[in-house]
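Q: I would like to learn how to read the packing, the empty spaces and the backbone details of a model like this one. Could we go through them one at a time?

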Amino acid sequence: MAEFTFASPSLLYPIVLLILIFSLINQHFNFFPSSDQSLNHDNHTHISQQNPQPSLSYFGIPTQNAYKNVGRKKNPFERMQNGLARARAAIQQASRSHTYMPNKEESFVPRGSIYINPFAFHQSHIQMEKRFRVWAYKEGEQPLFHRGPMNDIYSIEGQFIDELESDKSPFAASHPDDAVAYFIPVSIVNIIRYVYRPYTDYSRKSLQNIVKDYIDLISSRYPYWNRSNGADHFFVSCHDWAPEVSAAHPTFYKHFIRVLCNANSSEGFHPVKDVSMPEIYLKRMILRPPQLSQASNNRSILAFFAGGPHGFVRELLFRYWKHKDDDIQVHEYLPQTLNYTQLMGQSKFCLCPSGYEVASPRLVESIYSACVPVIISDHYVLPFSDVLDWRQFSVHIPVEKIPEIKKILQGISMEEYLEKQKRVVQVQRHFLMNRPAKPFDLMHMVMHSVWLRRLNIRLHELQD
């Protein structure tokens with residue numbers, strides 16, 4: 001057998017040097033961890049969390065920790081939260097820079113004084129179309145759920161339920177995990193219509209119990225309500241009783257988004273989390289009335305109103321102005337020989353007093369007629385007021401100033417009136433009902449209001 005002999009020093013020294021270098025590299029990068037290192041990994045992690053050290057990745061130099069989550073696929077919740085963070089950043093940038101970043105060819109670009117910040121609104125609408133997906137819960141049976149009135153004064157409730165549950169809705173999420181918000185498809189109108197007949201008991205308890213039981217059901221089947229404490233859930237209703245759904249359980253509904261026509265700030269409406277929705281009156285599914293408007297310089301009536309004596313505001317209006325002035329034409333009910341829509345189209349200003357509740361279809365009707373709305377209410381949170389500057393295309397008269405209506409309106413110069421009337425025409429697109437819904441129309445504007453509230457919440461903060 002051959003005798004083993006050492007190699008010459010000229011070969012041995014480079015080999016030893018390479019071994020030492022490799023040992024140092026392995027100690028730093030940990031390509032081959034020792035058994036002691038593996039056993040103590042959890043302990044080292046715990047210590048580093050207790051005593052966090054500055055990360056070099058903050059200065060643009062990647063460290064070992066910077067690669068920790070590379071390759072890990074984010075779950076849908078994380079992707080959604082990251083998308084909302086990017087949306088907030090894009091909107092803030094648009095607000096500061098007065099620019100926007102389109103993601104498609106734009107057929108309409110919001111500009112002008114009718115908007116509080118047209119650039120932020122435009123970018124927000126772009127982000128909404130890109131990211132805002134809503135899951136409508138499938139539980140529940142008609143007519144109390146999934147179906148609402150499609151005509152008359154509460155028609156917007158049924159139209160919204162039908163739109164959001166339609167396959168054509170651009171907001172519909174294909175899976176609840178992909179949703180940014182969740183729709184409770186309850187019809188307050190139908191609950192009152194079918195549960196309360198005959199109308200012998202006006203207690204709100206049955207209404208409150210039905211909605212609460214439904215939410216208890218979906219929160220026991222899915223994680224979404226409990227994850228957010230209801231902050232990314234909403235319902236839509238125009239009925240006067242709708243705000244009282246949450247009255248029996250105020251803590252339970254603390255974060256819940258209520259989309260209401262009856263947006264009365266003196267009765268618990270919270271503009272930060274609740275949404276004010278326009279009230280519209282649809283006849284036989286006709287989505288908008290005929291256009292009988294006169295040109296702005298051919299309107300002979302200073303101000304016009306016709307309607308029932310509903311509530312103290314209208315009673316006060318009738319006391320001072322009913323059939324008492326040719327310029328301020330106030331009628332309780334019009335004779336059959338006169339056309340309501342035509343008279344609005346002949347008027348410079350259209351009076352929009354509160355009825356039993358603060359909202360009224362006359363606000364939208366005056367806008368359709370290119371008639372400057374005169375809002376007579378003290379606690380009405382106006383629709384889309386986080387986007388639209390109502391001062392630019394309407395007049396607000398406090399209830400106590402009803403005796404001074406003529407003086408106030410005559411004090412508006414012709415130049416100012418013409419500017420306001422021109423802006424009423426500009427804002428019309430945001431109050432038009434389309435089926436299916438179209439960008440910047442009434443339904444998109446309501447959804448944008450929900451989108452803004454959803455952007456303002458951080459789910460991880462609500463879970464603490």
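Q: How is the packing of two helices described, and at what angle do the axes of α4 and α15 cross?

A: Two packed helices are described by the angle between their axes and the distance between the axes. In this predicted model, the axes of helix α4 (residues 76-97) and α15 come within 11 Å and cross at roughly 105 degrees. Axes here are lines fitted to C-alpha atoms, for helices over the stretch in contact, and the angles run from 0 to 180 degrees between N-to-C directions. Angles under 35 degrees count as roughly parallel, over 145 as roughly antiparallel, 65 to 115 as roughly perpendicular and the rest as oblique; α4 and α15 are therefore roughly perpendicular to each other. The helices (H or I, at least four residues) and strands (E, at least two) are DSSP runs, numbered from the N terminus.

Q: Which residues of α4 and α15 meet?

A: Taking contact to mean heavy atoms within 4.5 Å, Met80, Gln81, Leu84, Ala87, Arg88 and Ile91 of α4 meet Trp451, Arg454 and Leu455 of α15. By class, the residues of this contact of α4 with α15 are 6 nonpolar, 1 polar and 2 charged, where Ala, Val, Leu, Ile, Met, Phe, Trp, Tyr, Cys and Pro count as nonpolar, Asp, Glu, Lys and Arg as charged, and the others, Gly among them, as polar.

Q: How do helix α6 and helix α15 pack?

A: Helix α6 (residues 155-164) packs with helix α15 (residues 442-455) at an angle of about 80 degrees, their axes being 12 Å apart, and that makes α6 roughly perpendicular to α15. On the α6 side the contact is made by Ile156, Gln159, Phe160, Glu163 and Leu164, and on the α15 side by Leu442, Met443, Val446 and Met447. These contact residues of α6 and α15 divide into 7 nonpolar, 1 polar and 1 charged.

Q: How is empty space found, and how many cavities of 30 Å³ or more does the structure hold?

A: Rolling a probe the size of a water molecule over the atoms shows where empty space is left. On a 1 Å grid over the protein atoms alone, a cavity is a set of points where a 1.4 Å probe fits but cannot get out, and a pocket is an open set with protein on both sides within 12 Å along at least five of seven lines; lining residues have an atom within 4 Å of a point. Grid points are joined across faces, edges and corners, and a volume is the space filled by probe spheres set on the points. The structure holds 2 cavities of 30 Å³ or more. The largest cavity has a volume of about 50 Å³, and its lining has 8 nonpolar, 3 polar and no charged residues. The second largest cavity, of about 30 Å³, is lined by Phe160, Glu163, Leu164, Phe171, Ala437, Met443, His444 and Met447, and the elements that give two or more residues to this lining are α6 and α15.

Q: What is the volume of the largest pocket, and which residues are the closest to its centre?

A: The largest pocket has a volume of about 1,100 Å³, and of the 40 residues that line it, Tyr281, Tyr340, Pro361, Arg362 and Glu365 are the closest to its centre. The largest share of the lining, 4 residues, comes from α12, and by class the lining has 21 nonpolar, 9 polar and 10 charged residues.

Q: How is a disulfide recognised, and which residue does Cys238 join?

A: A disulfide is a covalent bond between the sulfur atoms of two cysteines. With the rule that the two sulfur atoms lie within 2.5 Å, the count comes to 2 disulfides. One of them joins Cys238 to Cys261, with an S to S distance of 1.6 Å, and the link of Cys238 and Cys261 is left-handed, with -80 degrees about the S-S bond. Cys238 lies in the loop between β3 (233-237) and β4 (257-260), and Cys261 in the loop between β4 and β5 (275-276), so the pair ties together parts that are 23 residues apart in sequence.

Q: Which peptide bonds are cis, and where is phi positive?

A: Most residues other than glycine have a negative phi, and most peptide bonds are trans. The peptide bond from Gln142 to Pro143 is cis, with omega near 5 degrees, and Pro143 lies in the loop between β1 (134-136) and α6. A cis peptide bond also joins Arg435 and Pro436, with omega about -5 degrees; Pro436 is in the loop between α14 (414-427) and α15. Ala370, a residue other than glycine, has a positive phi near 55 degrees, and its place is in the loop between α12 and β9.

Q: What should I keep in mind about the numbering and the cut-offs?

A: Residues are numbered from 1 along each chain as its sequence is written, and side-chain values use heavy atoms, with hydrogens and water left out. Since the model is predicted, local features need pLDDT of at least 70 and side-chain atom pairs count only at pLDDT 80 or more, while totals for chains, interfaces and linings use all residues.
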